[in-house]
Amino acid sequence: MKRTLVMTSDGARHPFRRGLPQHVTSGTEELRPIASSDNDWRLFLLSFTAFFIVAYSFIA
C-alpha cells in the first residue's frame, strides 16, 4: 500500500502549497532515483582533500 502525505481539503492547506501546480502536490508521480555521476565523486574528493589540507595547515 502506497502512502502519500497529500491534504485533500483546500481550506486546510498552506498558502504556499496552494500556489504550487497540481502535479507537485498530487503524489501520483513515481520518484526516480538520481543517477550519480563521476562528477559527484570528483567533487567529493576535491572537497575532502581541501578540508584535509586546511585542517593540516592549522595544526602544523
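**Exercise 1. Place F44 on the scale from buried to exposed, and then do the same for W41.**

Let's start with one residue of this predicted model. F44 has a relative accessible area of 46%. Buried would need a value under 20%, and exposed a value over 50%. F44 is therefore partly exposed. For W41 the relative accessible area is 56%, so this residue counts as exposed.

**Exercise 2. Locate W41 and F44 in the secondary structure, and classify the pair that their rings make.**

First, the location: helix α3, which covers residues 38-59, holds both W41 and F44. They sit three residues apart, about one turn of the helix.

Next, the geometry. A pair of aromatic rings is described by the distance of the centres and the angle of the planes. By the pairing rule, the count comes to three aromatic pairs. For W41 and F44, the ring centres are 6.3 Å apart and the planes stand at 85°, so this pair is edge-to-face. The cut-offs behind that step are centres within 6.5 Å and planes over 60 degrees apart.

Finally, look at the neighbourhood: ring pairs join W41, F44 and F48 into a cluster.

**Exercise 3. Repeat the classification for F52 and Y56.**

Helix α3 also contains F52 and Y56, here four residues apart, again about one turn of the helix. Each of the two, F52 and Y56, is exposed. Their ring centres lie 6.3 Å apart with the planes at 15°, so the pair is stacked. The angle cut-off for that label is under 30 degrees.

**Exercise 4. Which residues form the nonpolar patch on the surface, and what accessible area do they have together?**

The members are W41, F44, L45, F48, F52, I53 and Y56. Together they have about 860 Å² of accessible area. Take I53 as a check: this residue lies in helix α3, and its relative accessible area of 53% makes it exposed.

**Exercise 5. How many residues of α3 are buried, and how does the span of α3 relate to the expected value?**

Begin with burial. Of the 22 residues of α3, zero are buried, so the helix lies largely in the open. Now the span: from its first C-alpha to its last, α3 reaches 32 Å, close to the 32 Å expected at 1.5 Å a residue.

**Exercise 6. Put α3 into the context of the chain, including the confidence of the model.**

Step one is the fold inventory: the chain has three helices and zero strands, in the order α-α-α from the N terminus.

Step two is the surface. Among the 60 residues of the chain, 3% count as buried. The exposed area is about 6200 Å², and carbon and sulfur atoms supply 65% of it.

Step three is confidence. The average pLDDT of the chain is 77, and 62% of the residues score at least 70. Among the elements, α3 has the highest mean pLDDT, 92, while helix α2 (residues 22-25) has the lowest, 75.

Terms used: Residues numbered from 1 in each chain as written. Predicted model: local features only at pLDDT ≥ 70, side-chain atom pairs only at ≥ 80, totals over all residues. Heavy atoms only, no water. Phe/Tyr/Trp six-rings, centres within 6.5 Å; stacked < 30°, edge-to-face > 60°. Helix = DSSP H or I, 4+ residues; strand = E, 2+ residues; numbered from the N terminus. Buried < 20%, exposed > 50% of the residue type's maximum accessible area, 1.4 Å probe, protein only. Patch = residues over 30% accessible without salt bridge, like charges linked within 9 Å, V, L, I, M, F, W, Y side chains within 5 Å. Areas by Shrake-Rupley, 256 points an atom, 1.4 Å probe, with all protein chains shown as cover. Salt bridge = Lys/Arg side-chain N within 4 Å of Asp/Glu carboxyl O. pLDDT = per-residue confidence, 0-100. Expected span 1.5 Å × (residues − 1).
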